[in-house]
Amino acid sequence: MTLHIRFYRADDFEPVTRLWRRAREAAVPELTARMGYSFKTDQAHFAEHIVAACDLWVVERDGVIVAFMGIKNDFIDYLYVAPDYHRQGIGQFMLEHARDLSHDHLWLYTHVANSMARAFYEKNGFIAKKFGTSPAPENEPDVEYHWYRPE
């Protein structure tokens, strides 16, 4: 298995948007169904909010995009692995890249209901610091996680 991380390119739009949708459906199927977003809505959100606001990185395995991460300074806004590639070290590979980019701290939010993400982040040294509610239109319970580089 050869993993390669690189900056997002415009021609990644379709495969990354599809990956993002599949990963959300696998992680929080009830929320995804309740929100009722179409693929067209996902594409618009991805173009207008994710591409425009984050430094995007994609991970390829043997030439296939298997994950992506959106990061702003020390804030990981998006980290998704294609469901067929879960539990293969790809998420950890992306976190190591984020740690290389950051100085001593990373933070992020995830939904309280996303037990898969919560277990992953906690296994990788993130600590739950605050519980709240995600912004509209979701308005879902969320948790704020932080990671600090050991001294």
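Guide: Two residues are in contact when they have heavy atoms within 4.5 Å. Keep that in mind as we tour this predicted model.

Visitor: Which residues of helix 1 meet helix 3?

Guide: From helix 1 come F13, E14, V16, T17, R18, W20, R21 and R24. From helix 3 come F39, D42, Q43, H45, F46, A47 and I50. Sorted by class, the residues of this contact are 7 nonpolar, 3 polar and 5 charged.

Visitor: At what angle do helix 1 and helix 3 pack?

Guide: Helix 1 covers residues 13-27, and helix 3 covers residues 39-53. They pack at about 110 degrees, and their axes are 10 Å apart. Angles of 65 to 115 degrees count as roughly perpendicular. The value of about 110 degrees falls in that range, so helix 1 is roughly perpendicular to helix 3. The crossing of these two is right-handed.

Visitor: Why are helix 4 and helix 5 called oblique to each other?

Guide: Look at the angle: about 55 degrees, with the axes 11 Å apart. Roughly parallel needs an angle under 35, and roughly perpendicular needs 65 to 115. The angle of about 55 degrees fits neither, so the pair is oblique. Helix 4 and helix 5 also make a right-handed crossing. On the helix 4 side, G91, Q92 and L95 make the contact. On the helix 5 side, F120, Y121 and K123 do. By class, that gives 3 nonpolar, 2 polar and 1 charged.

Visitor: Which residues of helix 5 are buried?

Guide: Helix 5 runs over residues 115-123, and its A117, R118 and Y121 are buried. The cut-off for buried is under 20% relative accessible area.

Visitor: How do you know where around helix 5 its buried residues fall?

Guide: Look down the axis of helix 5. The buried residues fall within an arc of 100 degrees, so they line one face of the helix. There is a general reason for such patterns. An α-helix has 3.6 residues a turn, so residues three or four places apart point the same way.

Visitor: What covers the buried residues of helix 5?

Guide: The cover includes helix 4 (90-101) and strand 4 (75-81). Strand 5 (105-111), strand 6 (127-133) and strand 7 (141-148) also belong to it.

Visitor: Which residues of helix 5 are exposed on the other side?

Guide: S115 and K123 are exposed there.

Visitor: What makes S115 count as exposed?

Guide: S115 has a relative accessible area of 54%. Exposed means over 50%, so S115 qualifies. Its C-alpha atom is 18 Å from that of R21, and the two residues are 94 apart along the chain.

Visitor: Is N114 buried or exposed, and how do you know?

Guide: N114 is in the loop between strand 5 and helix 5. Its relative accessibility is 11%. The limit is under 20%, so N114 counts as buried. Leaving aside neighbours within four places in sequence, N114 touches A27 and V28. From C-alpha to C-alpha, N114 and M35 are 15 Å apart in space, with their positions 79 residues apart in sequence.

Visitor: What makes the phi of R87 worth a stop?

Guide: Most residues other than glycine have a negative phi. R87 is not a glycine, yet its phi is positive, near 60 degrees. You will find R87 in the loop between strand 4 and helix 4. Its relative accessible area is 79%, over the 50% limit, so R87 is exposed.

Visitor: Why is N139 called partly exposed?

Guide: N139 has 47% relative accessibility. Buried is under 20% and exposed is over 50%. The value of 47% lies in between, so N139 is partly exposed. N139 sits in the loop between strand 6 and strand 7. Its phi is positive too, near 50 degrees. Setting aside neighbours within four places in sequence, N139 is in contact with T133 and S134.

Visitor: What phi does G125 take, just after helix 5?

Guide: G125 takes a positive phi of about 90 degrees.

Definitions and conventions:
Residues are numbered from 1 along each chain as its sequence is written. This is a predicted model: local features need pLDDT of at least 70, side-chain atom pairs count only at pLDDT 80 or more; totals for chains, interfaces and linings use all residues. Side-chain values use heavy atoms; hydrogens and water are left out. Axes are lines fitted to C-alpha atoms, for helices over the stretch in contact, and angles run from 0 to 180 degrees between N-to-C directions. Helices (H or I, at least four residues) and strands (E, at least two) are DSSP runs, numbered from the N terminus. Angles under 35 degrees count as roughly parallel, over 145 as roughly antiparallel, 65 to 115 as roughly perpendicular and the rest as oblique. A crossing is left-handed if the near helix is turned anticlockwise from the far one by less than a right angle, and right-handed if clockwise. Ala, Val, Leu, Ile, Met, Phe, Trp, Tyr, Cys and Pro count as nonpolar, Asp, Glu, Lys and Arg as charged, and the others, Gly among them, as polar. Buried means under 20% relative accessible area, exposed over 50%, partly exposed in between (1.4 Å probe, protein chains only). The arc is that of the directions from the helix axis to the C-beta atoms.
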